[in-house]
Every structure is written in structure tokens, then in C-alpha cells.
Amino acid sequence: SNQPFVVQTLIFCSWLAYLFGEYEIASSAISSRNEVEKNSIKKIEMHGMVPFIDCLVYLASSVKRKQNNSASELSEKLEEMKKLVSYSPRNNQHRMLLIEAEVAYLKNDFDVAMEKYDAAIIAAELIGYRHEQAVCNEKAGDFFMSQGNMIRATSHYSCAIDLYRQWGAQAKVDHLCKHVPL
């Protein structure tokens with residue numbers, strides 16, 4: 001059947017919705033994917049992207065609502081991410097660091113959040129994951145903006161825009177330029 005195609009489409013839909021700040025759409029795509037996968041023999045993992053995307057969406061939704069009501073789903077996905085980091089640290093360490101930064105932000109542990117954002121950016125750069133380095137910079141920009149630190153926010157947003165542009169994601173560049181006060 002076309003079940004793998006539907007699952008992959010929902011994964012990409014949740015990623016794009018997340019990138020463009022449409023967290024409810026991203027959550028809906030994840031829910032739909034989970035429903036389709038209930039009847040599936042094998043889940044599609046896409047090299048660690050699925051738990052990474054799921055964690056980011058759960059966290060972004062929680063930050064937006066100022067509450068953590070996706071705790072059980074997040075806990076399950078965090079365990080998957082920890083396994084991925086142990087199996088393939090090179091490909092997943094920066095992802096886990098970004099998730100840890102977002103968790104620290106949600107818990108108002110701002111010193112840890114700053115440290116983790118910086119570490120995630122460096123780790124993504126070291127392996128050449130430009131698009132994920134861009135996401136790390138964008139999320140760091142969001143964090144610093146929320147803290148009123150416009151200098152650091154602007155620096156991170158500028159880096160994110162440059163990295164998205166290098167990646168060829170012009171729609172994302174346009175989106176950030178429109179929605180972020182630089």
C-alpha cells in the first residue's frame with residue numbers, strides 16, 4: 001500500500017510546519033502520522049529526524065502555551081533521542097543539545113539554555129548540517145528575544161538567515177525577514 005508514502009509526507013509536513021512556526025499544524029501532522037503508524041509493521045525513522053522533529057514540536061507548543069502538557073509524548077521521544085545519540089553521536093548530538101536547550105528554556109533555566117544553544121550550533125556546524133545549524137540559531141534568537149537581549153537575538157537571527165540562504169531555503173529566509181525584527 002502507500003502507507004510509507006503517507007508517513008513520509010506527514011513527517012515532511014510536520015517539519016515544514018515547525019520551520020514556519022505553525023505548531024498546531026505540525027502537531028496535527030504528528031498525530032495523523034501516529035495514527036497511520038499504529039497499523040504499520042515498521043516505523044519510518046529517517047535517520048533520527050522523526051523523534052527530533054517530534055520533540056521540537058512538543059516543546060514549541062509548550063513554550064507557546066507556557067505550559068508542558070505534552071510531557072508523556074516528550075518523555076518517550078527524549079528516550080528515543082538518547083538512544084540515537086548513543087548509537088550515532090555525530091549525527092544526533094547537536095539535535096539533542098538543541099532539545100536540551102529548549103527544555104531548559106521551558107523550565108526557565110536560562111544559563112543552561114544559553115550554554116546548550118551555543119553547543120548545538122557548534123556541533124551542527126562541525127558536521128556540516130547547515131540547515132539544522134540554521135534552526136539552532138533561529139531558536140537561540142527566539143530565546144534571546146524573549147530575554148530582551150536584542151544584540152544576541154539579532155546576531156543569531158542573522159546567522160540563521162545566512163545559513164538558510166546558503167541551504168537554498170529562500171521561503172524560510174523571506175519568512176524570517178518578515179517575522180523577525182532585525
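Contact here means heavy atoms within 4.5 Å. The exercises below concern a predicted model.

**Exercise 1. Place Lys-139 and find what it touches.**

Step 1. Locate the residue. Lys-139 sits in helix H7.

Step 2. Classify its exposure. Buried means under 20% relative accessible area. Lys-139 has 8%, so it is buried.

Step 3. List its contacts, not counting residues up to four places away in sequence. Lys-139 touches Tyr-18, Tyr-23, Leu-98, Glu-102 and Tyr-117.

Step 4. Look for a charged partner among these. Lys-139 forms a salt bridge with Glu-102, and the closest N and O atoms are 3.9 Å apart. The salt-bridge cut-off is 4 Å.

Step 5. Place the partner. Glu-102 is in helix H5, 37 residues from Lys-139, and the pair links distant parts of the chain. Both Lys-139 and Glu-102 are buried.

**Exercise 2. Compare the salt bridges Glu-35 to Lys-38 and Lys-116 to Glu-100.**

Step 1. Start with the principle. Side chains of opposite charge can pair when their charged atoms come close.

Step 2. Take the distances. For Glu-35 and Lys-38, the closest N and O atoms are 2.9 Å apart. For Lys-116 and Glu-100, the N to O distance is 2.9 Å.

Step 3. Check what the second pair joins. Lys-116 lies in helix H6 (residues 110-127) and Glu-100 in helix H5 (residues 89-106), so this bridge ties together parts that are 16 residues apart in sequence.

Step 4. Do likewise for the first pair. Glu-35 and Lys-38 are 3 residues apart in helix H2 (residues 23-38), which means a separation of about one helical turn.

Step 5. Add exposure. Glu-35 is partly exposed at 47% relative accessible area, and Lys-38 is exposed at 60%. In the other bridge, Lys-116 is buried at 19%, while Glu-100 is partly exposed at 28%.

**Exercise 3. State how many salt bridges the structure holds, and name the members of a network.**

Step 1. Take the total. The structure holds 13 salt bridges.

Step 2. Find linked residues. Arg-33, Glu-37, Asp-54, Lys-77 and Glu-80 are joined in a network of salt bridges.

**Exercise 4. Describe the largest pocket and its lining.**

Step 1. Give the volume. The largest pocket holds about 340 Å³ of space.

Step 2. Count the lining. There are 18 lining residues, and Tyr-23, Glu-138, Asp-142, His-175 and Val-180 lie nearest the pocket's centre.

Step 3. Sort the lining by class. It has 11 nonpolar, 3 polar and 4 charged residues.

Step 4. Assign it to helices. Helix H1 (3-19), H7, H8 and helix H9 (170-179) each supply at least two lining residues. H7 gives the largest share, with 5 residues.

Step 5. Pick out one residue near the centre. His-175 lies in helix H9. It counts as buried, because its relative accessibility is 19%. Leaving aside neighbours within four places in sequence, His-175 contacts Leu-19 and Phe-20.

**Exercise 5. Identify the residues that touch the most other members of the largest nonpolar core, then trace the contacts of Tyr-164.**

Step 1. Take the core. It has 53 residues. Those touching the most other members are Trp-15, Tyr-18, Phe-52, Leu-98, Ile-99, Tyr-117 and Tyr-164.

Step 2. Find the main contributor. Helix H3 (residues 49-65) gives the most to this core, with 10 residues.

Step 3. Follow Tyr-164. Leaving aside its neighbours within four places in sequence, Tyr-164 contacts Leu-19, His-131, Ala-134, Val-135 and Glu-138. Its contacts also include Ala-169, Lys-172, Val-173 and Leu-176.

Step 4. Link back to the pocket. Glu-138, a contact of Tyr-164, is among the residues nearest the centre of the largest pocket.

**Exercise 6. Locate the loop residues Asn-108 and Gly-148, and give their separation.**

Step 1. Place Asn-108. It lies in the loop between H5 and H6.

Step 2. Check its backbone. Phi of Asn-108 is near 60 degrees, a positive value in a residue other than glycine.

Step 3. Place Gly-148. It lies in the loop between helix H7 (130-146) and helix H8 (150-167).

Step 4. Classify both. Exposed means over 50% relative accessible area. Asn-108 has 54%, so it is exposed. Gly-148 has 55%, so it is exposed.

Step 5. Give the separation. Gly-148 and Asn-108 are 40 residues apart in sequence and 14 Å apart in space, C-alpha to C-alpha.

Notes. Residues are numbered from 1 along each chain as its sequence is written. This is a predicted model: local features need pLDDT of at least 70, side-chain atom pairs count only at pLDDT 80 or more; totals for chains, interfaces and linings use all residues. Side-chain values use heavy atoms; hydrogens and water are left out. A nonpolar core is a set of buried Ala, Val, Leu, Ile, Met, Phe, Trp, Tyr and Cys residues joined through side-chain atoms within 4.5 Å. Buried means under 20% relative accessible area, exposed over 50%, partly exposed in between (1.4 Å probe, protein chains only). Helices (H or I, at least four residues) and strands (E, at least two) are DSSP runs, numbered from the N terminus. On a 1 Å grid over the protein atoms alone, a cavity is a set of points where a 1.4 Å probe fits but cannot get out, and a pocket is an open set with protein on both sides within 12 Å along at least five of seven lines; lining residues have an atom within 4 Å of a point. Grid points are joined across faces, edges and corners, and a volume is the space filled by probe spheres set on the points. Ala, Val, Leu, Ile, Met, Phe, Trp, Tyr, Cys and Pro count as nonpolar, Asp, Glu, Lys and Arg as charged, and the others, Gly among them, as polar. A salt bridge is a side-chain nitrogen of Lys or Arg within 4 Å of a carboxyl oxygen of Asp or Glu.
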